[in-house]
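Q: I should be grateful for a close look at a single part of the structure shown below. Please explain each technical term when it first appears.

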Amino acid sequence: MAHLPLLTDAEEAIDYYKSQPHSPSDAITAHVIRILVQDGYKNRDIREALGIEKVYTVTHFIRVSQALTDGEMDLWFNNPDRITLGHLRAIAKLDFPTREKLLRKLLVARSPVHEFESIARGDTQEKDVDIARFASTMSEVTGRPTDIRFNKKRKNGTITLNFYDLDDLDDLCRQLGFNPSEYF
């Protein structure tokens, strides 16, 4: 497993960042920014030194680089296609064991950033028992797999009805009161 480069001070970190033949990975950028922050650089100084235009981009990198352990940074460095800045930004405030568990999960199965944001907010993915029973009964009656997602806070949601082919889709539309042949 490769490790992030050992950089001792801000000047060496900036030189390393600028010497990269292509745009440095997000993990490298976070690693360099961690060193710059430790040496007293502020957001404006970092943007100027590294040529980053947007304030919020540097803010995200600062938050992530300050929260992660060296092991988590190495994990990110070695898995840039699986672990993104968005994932890490979402979970940066969580405690180490929770973050590490989520990162390991991410290595096994891809998860969208919004799922990590939801976990960080403390939302649970447990289904309401009544909603689950309703979806199960609806599946049995319609003869097709049915999923219901319900947002308790907003008191709204979505129903997903699966269909098997285009003829089945037309039949499902008619059952719902929409006749596709009138429009197509």
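The side chain of Arg34 meets that of which residue in a salt bridge, and at what distance from N to O?

A: The model is predicted, so local features need pLDDT of at least 70 and side-chain atom pairs count only at pLDDT 80 or more, while totals for chains, interfaces and linings use all residues. Residues are numbered from 1 along each chain as its sequence is written, and side-chain values use heavy atoms, with hydrogens and water left out.

The partner is Asp70: its side chain and that of Arg34 form a salt bridge at 2.6 Å, N to O. This pair joins distant parts of the chain, with Arg34 in helix 2 (residues 26-38) and Asp70 in helix 5 (residues 70-78), 36 residues apart. A salt bridge here is a side-chain nitrogen of Lys or Arg within 4 Å of a carboxyl oxygen of Asp or Glu. Helices (H or I, at least four residues) and strands (E, at least two) are DSSP runs, numbered from the N terminus.

The two partners differ in their exposure. Arg34 counts as buried because its relative accessibility is 9%, whereas Asp70 is exposed because its relative accessible area is 54%. Buried means under 20% relative accessible area, exposed means over 50%, and partly exposed lies in between (1.4 Å probe, protein chains only).

Both residues also take part in the lining of a pocket. The second largest pocket has a volume of about 160 Å³. Its lining consists of His3, Leu4, Pro5, Leu6, Leu7, His31, Arg34, Ile35, Asp70, Met73 and Asp74. Helix 2 and helix 5 are the elements that give two or more residues to this lining. On a 1 Å grid over the protein atoms alone, a pocket is an open set of points where a 1.4 Å probe fits, with protein on both sides within 12 Å along at least five of seven lines; lining residues have an atom within 4 Å of a point. Grid points are joined across faces, edges and corners, and the volume is the space filled by probe spheres set on the points.

The salt bridge of Arg34 and Asp70 may now be placed beside others. A search of the whole structure finds seven salt bridges. One of them involves helix 5 again, where the side chains of Glu72 and Arg99 meet at 2.9 Å, N to O. Glu72 lies in helix 5 and Arg99 in helix 7 (residues 96-108), so this pair ties together parts that are 27 residues apart in sequence. Glu72 and Arg99 are both buried.

Helix 7 takes part in a further salt bridge, between the side chains of Lys105 and Glu115, at 2.9 Å, N to O. Because Lys105 belongs to helix 7 and Glu115 to helix 8 (residues 113-121), the pair ties together parts that are ten residues apart in sequence. Lys105 is partly exposed, at 36% relative accessibility, and Glu115 is buried, at 17%. Helix 8 also holds His114, which is exposed with a relative accessible area of 53%. The C-alpha atoms of His114 and Leu88 are separated by 11 Å, and the two residues are 26 residues apart along the chain.

Leu88 leads to the nonpolar core. In the largest nonpolar core, which has 34 residues, Val32, Leu36, Leu50, Trp76, Ile83, Leu88 and Ile91 touch the most other members. Helix 1 (10-19), helix 2, helix 3 (43-50), helix 4 (55-67), helix 5, helix 6 (85-91) and helix 7 each supply at least two residues of this core. The most comes from helix 2, the helix of Arg34, with seven residues. A nonpolar core is a set of buried Ala, Val, Leu, Ile, Met, Phe, Trp, Tyr and Cys residues joined through side-chain atoms within 4.5 Å.

Ile83 gives an example of packing in detail. Apart from its neighbours within four places in sequence, Ile83 is in contact with Leu75, Trp76, Leu88, Leu103, Leu106 and Leu107. Contact means heavy atoms within 4.5 Å.

In summary, the Arg34 and Asp70 side chains meet in a salt bridge that links helix 2 with helix 5, and both residues line the second largest pocket.
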